Amino acid sequence: MIALLFLSLAVPFASAVLLMLFRGSLNQTSSRLLALSGSVATLFLSLLLLAQYKTVVLKPLETGNRPAVSSASEASAIRPRAEFRHEWLKITDSSGKVTARLEMYFGLDGISVALIALTTLLTVSSVLISWEAISDRASEFYAALLILETGLIGVFCSMDLVMFYVFFELTLIPLFFLIAIWGGPDRRKAAVRFFLYTLAGSLITLSGLVALVAWVARAGLTSPTSLPALADWLAANPLPQALQISFFLALSAGFLVKVPVFPFHTWLPLAHVEAPTAGSVLLAGVLLKLGTYGFLRLCLPMFPDACRVVGLPMIGLLSVIGILYGSFCALSQRDIKKLVAYSSVAHLGFCMLGLFALNTEGITGGVLQMVNHGLSTGALFLIVGMIYERYHTRMLDDIGGLAKRLPLIACSMVFISMSSIGLPGLNGFVGEFLSLAGMFRSSPVYAVLATAGVVLGAWYLLTAVQLAFFGTLREPHQDDSHGHPHVITDLNAREFTALAPLAALCLWLGVFPASLIELIEPDVAALSALYQDAPPVPVAVNPVSGLVPAAVPVPQVLSLSQRIIVAD
Amino acid sequence: MEPSSIIPPTIYDVINQATGLIIPEIILLATVCLMFLAGPFLVSETGQAPAGLRHRWGILSLLALSCAFVAWSNTSVVEPGAGPFRSDALVWYVRGLSLTAGILLTLLLWDQIDDGKAAEAHACLLAIIAGTNFVTIANDLVTVFLGLELVSIPTYVLLILPRRDWKAREATIKYFLLSIFSSALVLYGLSWVFGIAGTTNLTAIAARAADVQFDVDRGMFRIAMLLVIAGLSFRITAVPFHFYAPDVFQGVTSSSAAMLSFIPKLVGFSALLRLLSVSFGATSLAVWTPSEVVRFILAVLAIATMFVGNLLALRQTNILRLLAYSSIAHAGYMLVGLAVGANLSGTSGIAALLFYVAIYGVMTLGVFALLTAAGSFTSPIKMLSELSGLGRTQPVTALLMAVCVFGLSGLPPTGGFLGKLNLFLAAWSDGSTTSRVLAIVLAVNAVIGASYYLRMIGLMYLEPSSAEQSTGPAMTQPAALVAGMFCAAATLIVFVSPQWLWDAATLLAKS
């Protein structure tokens with residue numbers, strides 16, 4: 001399984017290197033073919049990974065004989081089921097005693113496998129959607145895209161803090177170039193703002209990480225950067241609450257910007273509007289998930305007290321504000337791409353609400369929402385890109401009634417919008433429902449307020465769909481620049497291939513969410529066990545609470561919620 | 001006066017033992033003599049030389065350095081005694097660094113010098129390398145100062161040799177005057193040390209400093225160290241003593257600027273480590289942490305250096321000035337490690353410092369080498385704007401340069417990231433408030449620094465190339481490109497497998 005993981009890291013990277021090396025001799029066609037074969041191969045590898053994970057890891061889990069593939073303990077809140085460890089740097093003190101051991105530590109659990117599959121799928125769609133749109137410096141474009149893919153996969157399989165951070169930062173560079181070179185008219189400003197904003201945030205995260213590592217190393221843990229070991233150690237020796245809160249806030253800085261949670265979202269609309277379609281798809285589909293994934297992987301397992309005391313009230317509140325604010329902003333946009341960008345702010349609010357509900361339903365909902373948002377918003381950006389490619393405008397004022405001209409695109413737009421709105425039977429509903437249900441148990445007020453966001457979501461998306469696709473046909477004039485009339489064609493085979501898997505998955509996950517839930521269930525259960533038997537507002541934290549194994553009530557609650565969904 | 005053994009050694013024994021410790025330097029200095037002696041005979045009276053003479057001198061220089069490398073690999077660690085030299089792990093480390101830097105700088109100098117002046121230039125460079133080693137090898141105040149001067153004096157010559165226009169003259173004069181001033185400060189400080197300890201032998205001084213009886217003596221040691229720190233701050237370009245750097249870097253050729261960006265720092269930090277630890281009575285670097293006063297001074301220097309270097313770099317348009325300020329900022333990062341010291345409770349600051357010095361040397365020499373390779377001897381790259389479009393006109397050079405620049409900014413897939421991480425860990429795990437403040441300032445400065453390094457990357461890859469460059473100059477500086485390739489590769493290799501460098505950097509702590 002690890003070999004598959006390495007291959008799926010190596011294949012896109014190698015393709016990118018090939019594209020860069022032979023960029024002089026590759027024309028547009030050959031470079032996009034190379035990029036496509038690289039990304040499709042990666043997709044297959046990740047699907048194999050998924051299949052193997054299901055058979056090798058999950059099946060034995062159900063039968064009870066757990067394979068000893070991981071060095072992490074049974075009760076650990078982070079437990080990779082397959083792993084690769086290689087000693088990287090032993091930092092010593094002046095007497096030669098090892099104070100910190102950095103490792104190249106890759107590991108897989110259900111959440112990472114699911115997100116890796118999402119990444120590879122969206123990359124294939126991104127390559128396909130850029131097929132015609134990118135003609136200038138095509139090989140470099142695809143190389144950047146594939147390096148971005150490598151970085152994203154790397155983040156999802158890093159089990160070492162430093163590796164995590166390395167890949168986290170590595171994603172910045174290709175996306176910066178994607179926006180700055182192939183973006184819209186205001187691309188330089190957008191790229192620089194995106195880069196500096198996220199870099200500033202993630203450097204605060206880095207300070208927090210290093211401070212945490214230094215603190216833990218001082219306290220005696222010799223592998224302070226290994227995530228499972230760190231989570232175990234912190235569960236056994238909880239930090240004082242004040243310290244937890246300061247670490248939590250420092251670590252959150254980068255993730256809050258990345259998600260983005262309400263007051264830190266200002267870079268997002270500009271970056272989305274200026275980015276090329278493929279950049280937007282990956283930015284919305286996967287890159288924003290790095291923020292939520294960071295919370296899920298680092299903050300939740302390591303600082304339970306801080307999550308209860310600060311995370312739930314503060315980040316919960318910010319998420320609720322983000323949902324409402326993002327929805328209202330989306331409502332007032334005339335640019336469809338900006339509208340979708342603001343809808344991301346709202347949707348990721350649901351995801352954050354789910355995670356910070358700090359219970360099994362919530363966290364499950366949060367993870368589902370990560371995948372769902374990747375699928376539906378990725379697909380929305382694909383459709384917006386298709387419209388832009390045809391009309392060179394995204395303004396709702398310029399277009400209307402396109403359903404007459406482009407019935408298939410209109411059909412998919414309606415379908416994807418329904419999924420994004422959260423229509424029961426499609427994927428969005430499951431994630432939002434579980435998130436809100438989880439939040440309702442933790443903080444009913446937030447849940448009630450956020451539910452209003454669902455209504456708003458329907459409002460702005462349906463308004464946009466209605467304006468753009470229904471009513472009288474309005475099209476901008478196309479024939480002036482080239483001298484011959486521009487023939488507008490409907491969805492072609494290439495675009496269909498890019499869009500169809502996403503739409504199919506939206507339906508599949510809506511009807512049969514259990515397939516995804518059972519993939520992530522053991523990991524979510526281990527995580528939420530940390531929060532199981534603690535009082536809602538902790539006064540004194542039971543240090544043993546972290547060591548309680550995934551207890552009986554967890555699967556029950558989960559299967560209950562599963563039943564609700566399936567019955568629906 | 002020194003601790004004597006039972007059978008007093010004869011003068012021949014002493015000389016034998018002493019020369020045995022400095023074989024690499026003897027090789028270098030013998031080559032220097034040969035070059036200075038033979039050089040003038042190959043040049044006509046009008047200064048004309050046969051074309052291609054510089055290649056011969058360059059090869060001789062490389063040969064000498066390789067012999068020194070071989071000799072270096074055979075050196076062993078010996079307990080320091082009464083002699084003028086020592087050979088401990090710090091010596092081993094610094095020698096390795098300086099010889100590597102010597103090879104890189106020789107390659108950089110290769111095509112930056114006329115055939116007629118090549119002998120002298122290469123000889124000066126070798127003398128500087130030997131001087132760098134002497135500063136660390138020294139077991140005696142006199143030898144320390146001798147080493148410092150063996151670095152300074154050839155530097156004056158080396159700065160003016162490749163180009164003799166007004167800017168180079170101004171730069172050299174500036175460097176000359178300030179360097180003399182700093183040497184005087186150091187010498188004055190050393191005389192205080194001699195005054196208190198009554199001996200110039202470092203081992204004896206350490207023993208004397210370890211059991212200081214009177215507060216007066218302790219105070220005098222402090223004053224002495226203050227003077228030494230001030231004098232050496234000039235070499236490492238710590239902030240109140242940094243003024244000369246941008247002007248000098250701007251005036252001289254890029255090969256000389258490369259030398260100035262690294263060698264004086266190596267000299268300064270190894271001298272500081274040696275002298276500070278000795279005058280606080282530490283028997284080895286493993287147990288030396290700066291006292292509160294010294295730590296405060298070093299911390300203030302570090303903070304000022306980081307901020308001034310990075311903030312002033314933001315507005316530069318001349319690339320050499322920008323790199324000068326960047327080298328100032330990096331001196332600040334290294335001072336963080338020095339201020340932390342051996343750090344008995346966690347990551348060793350000294351090891352982090354030495355690790356950073358090594359990786360910084362590779363990165364900065366790489367940037368200068370590639371800058372040299374991107375320009376030509378007659379029209380070197382001077383302005384930042386001349387970098388624009390390099391990604392298209394010279395893709396290989398630009399890619400290698402991007403690696404080194406990313407390294408300087410401390411971004412991940414480079415050794416620069418690990419260097420900063422180690423410094424940060426060391427500062428944070430020390431536990432004192434001063435160190436924590438330093439850690440935070442370090443992080444803030446990494447962000448400020450990233451913005452101007454990023455501007456360089458942006459210029460190379462995002463801007464269209466300027467008209468004159470679009471033809472793409474022929475590859476006129478292959479030697480510099482080779483050096484640049486080595487540096488870029490090393491920057492990446494240290495990231496992938498850093499353990500050997502870290503072990504080497506901590507080895508001295510065990511001495």
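In this predicted model, the contact between the two chains draws 27 residues from chain A and 32 residues from chain B. On the side of chain A that touches chain B, the elements giving two or more residues are β1, β2, α5 (161-170), α6 (172-182) and α7 (187-219) of chain A. The largest share of that side, 12 residues, is supplied by α7(A). Sorted by class, the side of chain A that touches chain B holds 17 nonpolar, six polar and four charged residues.

Two of the elements just named are strands. Strand β1 (residues 82-92) of chain A pairs with β2(A) in the antiparallel sense, over 10 bridges, and within this pairing A100(A) in β2(A) is the bridge partner of I91(A). Strand β2 (residues 98-108) of chain A is largely enclosed by the rest of the structure, because nine of its 11 residues are buried.

The helix α6(A) is likewise mostly covered, with 10 of its 11 residues buried. The buried residues of α6(A) include L172(A), P174(A), F176(A), F177(A) and W182(A). What covers the buried residues of α6(A) comes from both chains: it includes α4 (138-157), α5, α7, α10 (267-274) and α11 of chain A, together with α18 (433-462) of chain B.

Helix α11(A), which is part of that cover, is itself mostly covered, since 26 of its 26 residues are buried. How far apart are the end C-alpha atoms of helix α11 (residues 277-302) of chain A? They lie 37 Å apart, which agrees with the 38 Å that its 26 residues should span at 1.5 Å a residue. There is nevertheless a kink of about 40° in α11(A), and this kink is centred on L283(A).

Some loops of chain A carry backbone features of note. Most residues other than glycine have a negative phi, and most peptide bonds are trans. The table gathers two residues of chain A with a positive phi.

| Residue | Phi | Loop of chain A | C-beta atoms within 10 Å and state |
|---|---|---|---|
| R137(A) | near 50° | between α3 (110-129) and α4 | 16 other C-beta atoms, partly exposed |
| L358(A) | about 60° | between α13 (336-355) and α14 (360-391) | 27 C-beta neighbours, buried |

A further feature concerns a peptide bond: the one from V259(A) to P260(A) is cis, with omega near -10°. P260(A) lies in the loop between α9 (241-258) and α10 of chain A.

Turning to chain B, this chain contains 20 helices and zero strands. Its radius of gyration is 22 Å, which agrees with the value near 24 Å that a compact globule of 511 residues would have, and along its principal axes the C-alpha trace of chain B spans about 75 × 55 × 40 Å. Of the 511 residues of chain B, 62% count as buried. Among contacts in chain B between residues at least 6 apart in sequence, 81% join residues at least 24 apart.

One residue of chain B may serve as an example. L232(B) lies in helix α9 (residues 215-236) of chain B, and L232(B) counts as buried because 26 other C-beta atoms lie within 10 Å, where the cut-off is 20 or more. Which residues is L232(B) in contact with, leaving aside its neighbours within four places in sequence? They are V186(B), G268(B), A271(B) and L272(B). The C-alpha atoms of L232(B) and G81(B), 151 residues apart along the chain, are separated by 25 Å.

Conventions:
Residues numbered from 1 in each chain as written. Chains lettered and ligands numbered in written order. Predicted model: local features only at pLDDT ≥ 70, side-chain atom pairs only at ≥ 80, totals over all residues. Helix = DSSP H or I, 4+ residues; strand = E, 2+ residues; numbered from the N terminus. Rg over C-alpha atoms; globule rule 2.2 N^0.38 Å. Buried ≥ 20, exposed ≤ 12 C-beta atoms within 10 Å, placed from the backbone. Contact = placed C-beta atoms within 7 Å. Pairing = 2+ DSSP bridges. Nonpolar A, V, L, I, M, F, W, Y, C, P; charged D, E, K, R; others polar. Expected span 1.5 Å × (residues − 1). Bend = angle between axes of the 7 residues up to and from the residue.
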